[in-house]
Amino acid sequence: LRDGALEGEHAPALTIKDSIPLGFDVFAHVLAQLSSHILAGKSQSRGLVLVAFTRSPSFYVDLLKRGLEVNSIQILDCYSDPHGWKDRIKDVKDMDKLCSLAIELGKGLLGEGKGRFSFALDSVNEMLRYASVHSVARVLSDLRSHDLASCVFWLLHSDLLEDKVAAVFDYMSSMVASLESENLSLTEQNFRRAKFSIRFKRRNGRVRLMSEEVSIERSGITFMGGSLLPKVQFNLQLSEKEQMDRAKVVLPFEHQGNGEPIEIYDGRRSLAD
Amino acid sequence: MDNLLDRALGLDGRGDRWPLLGKVVLVEDCVETGGAFVVHHIIKRFLSPQPAAASNHSLILVAFSQPLSHYDRVLRKLGCNLVAQRDHDRFLFFDMLNLRFPGEEFRDDVKTGSSVLVSLFEKIYNAVRALSAEKNCITIVIDDIALMEVVANGSSDSVLDFLHYCRTLTSEFDCSVVALNHGDIYSTTEKPMLMLNLEYLSNILVRAEPLATGSAVDVHGQLMVFNKGEHDGQGTPGSKVHNFHFRVKENSVDFFYPGGRG
């Protein structure tokens, strides 16, 4: 996401998918990381437009305030009054208008300068409550294909959607990050640790899978295991049983160590000497 | 005196601030194990005699299932006088059975369907704004969501919209929202959308279930309290899950760990 789009290509698009309520923590983590890269000038993107449906803009400001310039983030508030119940004018159902508003905000971030900006959407599920799958897919596609888009990422709760709908958004992404828990019952362990898997779709069509254990605490996310292990058809690491079996194998010519001095017959004289 | 439910909900602190400020609490129950006592307990804790600093607590009860007399009777047994609180403007009762609201005459031209919820929200929003202007700490209780769906002619979208708007009140005015829902109504649907959406929306989920071993005289069921953490960068542990049993008595409820019943 940090490297952004190549010339002549659509911007990379990431779906963060969960079926347990931990996905938002990952979304927030990606948001915070990308924001700090933007601030440090380390990313292609010079600003970020956040389309907020499930949390208030002030929540995000608090979340990102650690060292962030407000100038590099714009928040499109679709949370406070999506249907105009408080203030009759607003209505988020018009997805085209939403899309163009988001792009305008991004251009505003760039000002006179050149460059690109990123989009973050929280969340696709809320958008689907207000508009059809086609409209929402069109918005994401338009954002992704815009000349000034550096990258796009969004949050998706797959257990709230039919499989075919979730598949639509999988197809639109160049990367899909999924969070799964080991077992289905609601235990404390469950909601702090999960398996984090990413599927990358490369330009040449090859797909790369990686996975890692994740631990989520109030202070943030910790990725265990140091680096992402690529997910391949064979095991790269030995299981415990395999490790024990390996320790038991007696190699030829290895010292057996039965307490007596070792004698190796080298064929030049008899052992009795 | 604090009990296991207070501890699970975070109500066992000694501070002046109501711990559930800005939070959405969803209570899920079923036919075998009613969860209304959890809602009554929270109401009682919220309106109980407080130190002077906390005397500005105001409760809005949106009742779809019972009349005021029912809540009055129940809360009196728990030691809380709702009628007196109402007379002091600390308790607002939105009677959705008869469509009567505080300060309004009964009207014939009542809207039906999903627009009922839009106008209900408008009334709640106005009430919250007025109370908030006087620096009040506000809790909105909804009893219950299943009947709200009936009032909205089965439109779960309208119910979700309404609850989304109630949630915006938690960020705009620091209100608490407590809602009761019946989980077993959705048990035959493959993906119970409304229930799942509500679980995502809430900060604290309280589920009342029967014991796996069936009904018993001295244990009426079990409670699971899932208190989700949010990012606040303070390094304290995130989400916590609490499990314990309960027994509903005439004037109170006992909470205890499995096997801890004396």
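These exercises work through a predicted model, from its cores to its backbone geometry.

**Exercise 1. Which residues have the most contacts inside the largest nonpolar core, and which helix gives the most to this core?**

Solution.
- Start with the core itself. It has 45 residues.
- Next, list the residues with the most contacts inside it: Ile60(B), Val62(B), Leu120(B), Ile140(B), Ile142(B) and Phe162(B).
- Then find the helix. Helix α5 of chain B, residues 114–133, gives the most, with nine residues.
- Now take Phe162(B). Beyond its neighbours within four places in sequence, Phe162(B) contacts Leu117(B), Leu120(B), Phe121(B), Ile124(B), Ile142(B) and Met148(B), and also Trp85(A).

**Exercise 2. Is Glu28(B) buried or exposed, and which side chain does it join in a polar contact?**

Solution.
- Locate the residue. Glu28(B) sits in strand β1 of chain B, residues 24–29.
- Apply the cut-off. Buried means under 20% relative accessible area. Glu28(B) has 3%, so it is buried.
- Look for a polar partner. The side chains of Glu28(B) and Arg207(B) are joined by a polar contact of 3.0 Å.
- Survey the surroundings. Leaving out residues up to four places away in sequence, Glu28(B) touches several residues, including Asn181(B), Met195(B) and Glu199(B).

**Exercise 3. At what angle do helices α5 and α6 of chain A pack, and are they roughly parallel or roughly antiparallel?**

Solution.
- Identify the helices: α5(A) spans residues 133–145 and α6(A) spans 163–172.
- Read the geometry. The angle is about 10 degrees, and the axes are 11 Å apart.
- Classify it. Angles under 35 degrees count as roughly parallel. The two helices, α5(A) and α6(A), are therefore roughly parallel.
- Name the contact residues. Among them are Val133(A), Val136(A) and Leu140(A) of α5(A), with Val165(A), Val168(A) and Phe169(A) of α6(A).

**Exercise 4. Where are the cis peptide bonds at Ser123(A) and Asp144(B), and what is phi of Asp89(B) and of Asp174(B)?**

Solution.
- Recall the background. Most residues other than glycine have a negative phi, and most peptide bonds are trans.
- Take chain A. The bond between Asp122(A) and Ser123(A) is cis, with omega about 0 degrees. Ser123(A) lies in the loop between β4 and α4.
- Take chain B. The bond from Asp143(B) to Asp144(B) is cis, with omega near -5 degrees. Asp144(B) lies in the loop between β4 and α6.
- Turn to phi. Asp89(B) has a positive phi, near 60 degrees. Its place is the loop between α4 and β3 of chain B. Asp89(B) is exposed, at 55% relative accessible area.
- Finish with Asp174(B). Phi is positive here too, near 65 degrees. Asp174(B) is in the loop between α7 and β5 of chain B. At 36% relative accessibility, Asp174(B) is partly exposed.

Methods. Residues are numbered from 1 along each chain as its sequence is written. Chains are lettered from A and ligands numbered from 1 in the order in which they are written. This is a predicted model: local features need pLDDT of at least 70, side-chain atom pairs count only at pLDDT 80 or more; totals for chains, interfaces and linings use all residues. Side-chain values use heavy atoms; hydrogens and water are left out. A nonpolar core is a set of buried Ala, Val, Leu, Ile, Met, Phe, Trp, Tyr and Cys residues joined through side-chain atoms within 4.5 Å. Buried means under 20% relative accessible area, exposed over 50%, partly exposed in between (1.4 Å probe, protein chains only). Helices (H or I, at least four residues) and strands (E, at least two) are DSSP runs, numbered from the N terminus. Contact means heavy atoms within 4.5 Å. A polar contact is a pair of N or O atoms within 3.5 Å; within protein, one must be able to donate a hydrogen and the other to accept it, and residues adjacent in sequence count only if both atoms are side-chain atoms. Axes are lines fitted to C-alpha atoms, for helices over the stretch in contact, and angles run from 0 to 180 degrees between N-to-C directions. Angles under 35 degrees count as roughly parallel, over 145 as roughly antiparallel, 65 to 115 as roughly perpendicular and the rest as oblique.
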